[in-house]
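User: I should like to take a close look at a single part of this model, namely the place where the ligand sits and the pockets of the protein. Please explain it in terms that a first-year student can follow.

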Amino acid sequence: MAYVYDTQNIFAKILRGEIPNKTVLETEHTLAFEDIAPQAPIHVLVIPKGPYQTWDHFAAQATDAEIADYTRAIQAVVAKLELSPGDDKQGYRLIVNSGEAGIQEVPHLHTHILSGKVLGRMLPG
Ligand code: 5GP
C-alpha cells in the first residue's frame, strides 16, 4: 500500500502553527485540541504530529514510540477531562473515520473523543 500524505491539509497547517487551535494537551508526538464544530458538549480531536493520513497508515508506518505516545495521549485527555466511566462525565466515545467509506473530511489521522451527554447509538438506524 502506497500511502500519500497531503501536506496542505488543515491539521498539517495547525501543526505548523499556521492556523490557531484550542489545545487540550500536547506531548512529544501528539496534539489534542477542541473540534471547531463540536458534535457533543465535549469534542476533542487527537492527532499524531507525524504525517499520517489514516489509522492504517499510522499503524503500519509510525514508530513504536509514536504509537505508544498517541495511545497514552488519548488516555491522558480522558483522564484530564474526567471522562472515564465512573468519573463525573460517565464515559466517552472514540471515533476514527478513515477514507471515503468512513467519510473522513481531513486527511490527517485524528481520533474524535466525544462525551458530555449520552451519545445515542453508534450508527443511525
Ligand atoms: P472527520 O470528518 O475528518 O472525521 O473530522 C474532521 C473534523 O475536523 C470535523 O469534526 C471538523 O469539525 C474538524 N475541523 C475541520 N477544520 C477544523 C479546524 O480548522 N480546526 C478545528 N479545531 N477543527 C476542524
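User: To begin with, how far does a backbone N or O atom of I103 lie from an oxygen atom of the ligand? Please go on from there to the surroundings of the ligand and to the pockets.

Analyst: The model is a predicted one. In this model, the distance between a backbone N or O atom of I103 and an oxygen atom of the ligand is 3.4 Å. This pair falls within the 3.5 Å that defines a polar contact. The backbone of V106 also takes part, with a polar atom 3.0 Å from an oxygen atom of the ligand. H110, by contrast, uses its side chain: a polar atom there lies 2.8 Å from an oxygen atom of the ligand. As for how far the ligand is covered, it exposes 520 Å² when taken alone, and the protein buries 87% of that area.

Let us now consider the shell around the ligand. It consists of 17 residues, and the closest are D35, N97, E105, H110 and H112. H110 thus appears both among these closest residues and in the side-chain pair at 2.8 Å. By character, the shell divides into nine nonpolar residues, five polar ones and three charged ones. Three elements give two or more residues to the shell, namely the helix α1 (10-15) and the strands β2 (30-34) and β3 (42-48). Of these, α1 gives the most, with three residues.

The next step is to place the ligand in the protein. The ligand sits in the largest pocket, whose volume is about 700 Å³. The lining of this pocket comprises 31 residues, and those nearest its centre are F11, D35, I36, A37 and L45. D35 therefore deserves attention in both lists, being one of the residues closest to the ligand and one of those nearest the centre of the pocket. The elements α1, β2 and β3 each supply at least two residues of the lining. Here β3 gives the most, with four residues, whereas α1 gives the most to the shell around the ligand. The lining divides into 18 nonpolar, nine polar and four charged residues.

Finally, there is the second largest pocket, which holds about 390 Å³ of space. It is lined by 14 residues, of which R93, I95, N97, L114 and M122 are the closest to its centre. N97 is found here and also among the residues closest to the ligand. Both β4 (93-95) and β5 (111-115) supply at least two residues of this lining, and the largest share, three residues, comes from β4. In character, the lining of the second largest pocket consists of eight nonpolar, four polar and two charged residues.

How values were computed:
Residues are numbered from 1 along each chain as its sequence is written. This is a predicted model: local features need pLDDT of at least 70, side-chain atom pairs count only at pLDDT 80 or more; totals for chains, interfaces and linings use all residues. Side-chain values use heavy atoms; hydrogens and water are left out. A residue is near a molecule or strand if one of its heavy atoms lies within 4 Å of it. A polar contact is a pair of N or O atoms within 3.5 Å; within protein, one must be able to donate a hydrogen and the other to accept it, and residues adjacent in sequence count only if both atoms are side-chain atoms. Accessible areas come from the Shrake-Rupley method with a 1.4 Å probe; for residues, only the protein chains shown count as cover. On a 1 Å grid over the protein atoms alone, a cavity is a set of points where a 1.4 Å probe fits but cannot get out, and a pocket is an open set with protein on both sides within 12 Å along at least five of seven lines; lining residues have an atom within 4 Å of a point. A molecule sits in a cavity or pocket if more than half of its atoms lie within 2 Å of its grid points. Ala, Val, Leu, Ile, Met, Phe, Trp, Tyr, Cys and Pro count as nonpolar, Asp, Glu, Lys and Arg as charged, and the others, Gly among them, as polar. Grid points are joined across faces, edges and corners, and a volume is the space filled by probe spheres set on the points.
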